[in-house]
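Q: Before the individual terms are discussed, could the structure be shown, so that each label can be set against its definition?

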Amino acid sequence: MNNLLQTGQRLGRTWGPLLGIAIVAIALLVVAPAVLSPFRLNNLGKYVCWAIAGVGIGLAWGRGGMLVMGQGVFFGLGGYAMAMHLKLEAAMATGGPDAIPDFMVLYGDGTMPGWWEPFRSGPFTLFAILVLPAIAATILGFAIFKRRVKGAYFAILTQALAVAFATLLVATIKQTGGFNGLNQFTQFFGYNLYDPVNKRMIYSIAAVLLIVCLVVVWQLYRSRFGELLVATRDAEERVRFLGHDPANIKLVAFVVAAVMASIGGAMFAPITGIISPSDVDATASIFLIAGVALGGRSLLLGPAIGALAVGFGRTFLSESFPDQWTYFLGLLFIVVILFFPSGLGSSWSQLTSRLRTKEVAR
Amino acid sequence: MNDDYLEIRGLTVEFDGFKAIDGVDLTLLQGQLHFLIGPNGAGKTTLVDAVTGLVPATGHARYRNQDLLRMKSHRIVRAGIGRTFQTATVFEGLSVLQNLDIAGGVHRSAWTMLMARRGVPSYVEEALETVGLADLRDKPAGVLAHGQKQWLEIGMLLVQDARVMLLDEPVAGMSAEEREETGELLRRIGHERTIVVIEHDMDFVRSFADVVTVMHAGKVLAEGGVAEIQANARVQEVYLGRTAEEADHA
């Protein structure tokens, strides 16, 4: 009997989270397209992109203890890589294979910088979306973690990067569209972006990518690496004396989080039709963090659901209270941080486990 | 003699001009319980810190033709040198089994790290039996008694295949019974390992030490068997004398 119970618990531990992911998958892929208008579905797609980045933040911050305050940078790398391709696609559709984006003619001298050239290729763009953030995060993470920069210093450093990145984008209007960002895309890998069917397809791709990211972190969390990551978060020096360099463990989580943010950004561009400095700057990075904090950073589904909720909240509040909505959102975060410091999801599981131990005690 | 010994030559650790360790020579042989004693501030823990890469030091600390002083902490562990700390530092949220398992990184490739744990590896099972925590395997390490935590740490060193174990006051705060058991445990695993114990408790030293090194003010004052050390006039003066006097008064 006891054995049966233990087997049941073990199965629950393995399959419970997968069941949760399956529910999210059904909600996003079956229910949402059936009940939401195309406009609302597209909005949900935007939140899904933030959720993809949020899943990575959950890994780096919730499990790894690294408060990544500048994920907008990686979100932007993916977003701009994708947007550059879409911009070129739009230009080539009307102006032939050598056409260049309209803003370069408008603000520049009508020539395109050489580093734009490879983004004419779809496969290269997809490759860049995955590899660019990985390379950037590896170099950055290596420098940061080997020097044992952590805690508030790490958070400030990443936040400063987001500021610098946005500033750089604003300052380079001839190369990146500056403050306006990149917009007016017409097609997505050959598919017309004005066709609602294609919009729905792009939404579905984003939703599937979110599910894939959830499965990836699910495997990471249950692996020995996941245990070691939590151990590193809680007692970094001790891990050194298990024969591991904590810098390498953190680096893996940081790089995976960066790639996920990049994927989110890459889908953000075709779904919203724009990527601009305000989507990747310090404020945008904090919004990404806020969703994760709200949902419960160390849980599997917490960051994704939190990000979706914050996204929805932004839309709902800005539609209902166009002038005051940011105050409401600020208030919400203060309340969450004061009363549920590890997120709403964590507070729920803490509550239920407390009730359960009380029952056992009786 | 085989090459399984740790040789320390001219080890010096300086903090802002103050020499915490001043030219220490030590040879730590396999199969002996080696005790490191001395008054507070003698440099015992600093010596272990230097050998395990926690503080920079000059001189040599040679093990199997590798100079430990030029290696990073995690490399030193991979080379087979393990240590514990004065306060037990097990992962309180993880179970006893998980604590032992997490120490098994030396047995694993990067790829298998990405896999979930399936079953209990044989080296973890062995360590569980050796340190006598088999019945508590599924308990969170946080609920263990103080002594059991120290045993768990020793078990983690066994799992990580430490050929040299540097134990910083493992029996501090233990009951007499627990001390006895710890001593027996160290004897059992000490045959094929080099074990160094930093200790204050003279009864424990008398019962289990094969070799004793007395440190004072960053230098080695004397080295030898327990009887030899107790007879040494200089040792009595700086260390044992004082405790002997206290014992007389008591």
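A: Two residues are in contact if their C-beta atoms, placed from the backbone, lie within 7 Å. The model to which this is applied is predicted.

Q: What makes up the contact of chain A and chain B, and how many residues does each chain give?
A: By the 7 Å criterion, 18 residues of chain B and 16 residues of chain A belong to the contact. On the side of chain B that touches chain A, helix 2 (73-78) and helix 3 (96-102) of chain B are the elements that give two or more residues, and helix 2 of chain B contributes the largest share, 4 residues. That side of chain B divides into 9 nonpolar, 6 polar and 3 charged residues.

Q: Why are strand 6 and strand 10 of chain B said to stand at the edges?
A: The open sheet of chain B has 6 strands in the order 6-7-8-3-9-10, with mixed pairing. Strand 6 (81-83) and strand 10 (219-224) of chain B each have a single partner strand, so one side of each is left without a neighbour in the sheet. Neighbouring strands of this sheet are turned by 20 degrees against each other on average, direction ignored.

Q: What makes strand 3 and strand 8 of chain B a pair, and in which sense do they run?
A: Pairing requires at least two bridges; strand 3 (residues 33-37) and strand 8 (residues 194-198) of chain B have 4 bridges, in the parallel sense, and the two strands therefore count as a pair. Phe35(B) stands opposite Val197(B) in strand 8 of chain B.

Conventions:
Residues are numbered from 1 along each chain as its sequence is written. Chains are lettered from A and ligands numbered from 1 in the order in which they are written. This is a predicted model: local features need pLDDT of at least 70, side-chain atom pairs count only at pLDDT 80 or more; totals for chains, interfaces and linings use all residues. Ala, Val, Leu, Ile, Met, Phe, Trp, Tyr, Cys and Pro count as nonpolar, Asp, Glu, Lys and Arg as charged, and the others, Gly among them, as polar. Axes are lines fitted to C-alpha atoms, for helices over the stretch in contact, and angles run from 0 to 180 degrees between N-to-C directions.
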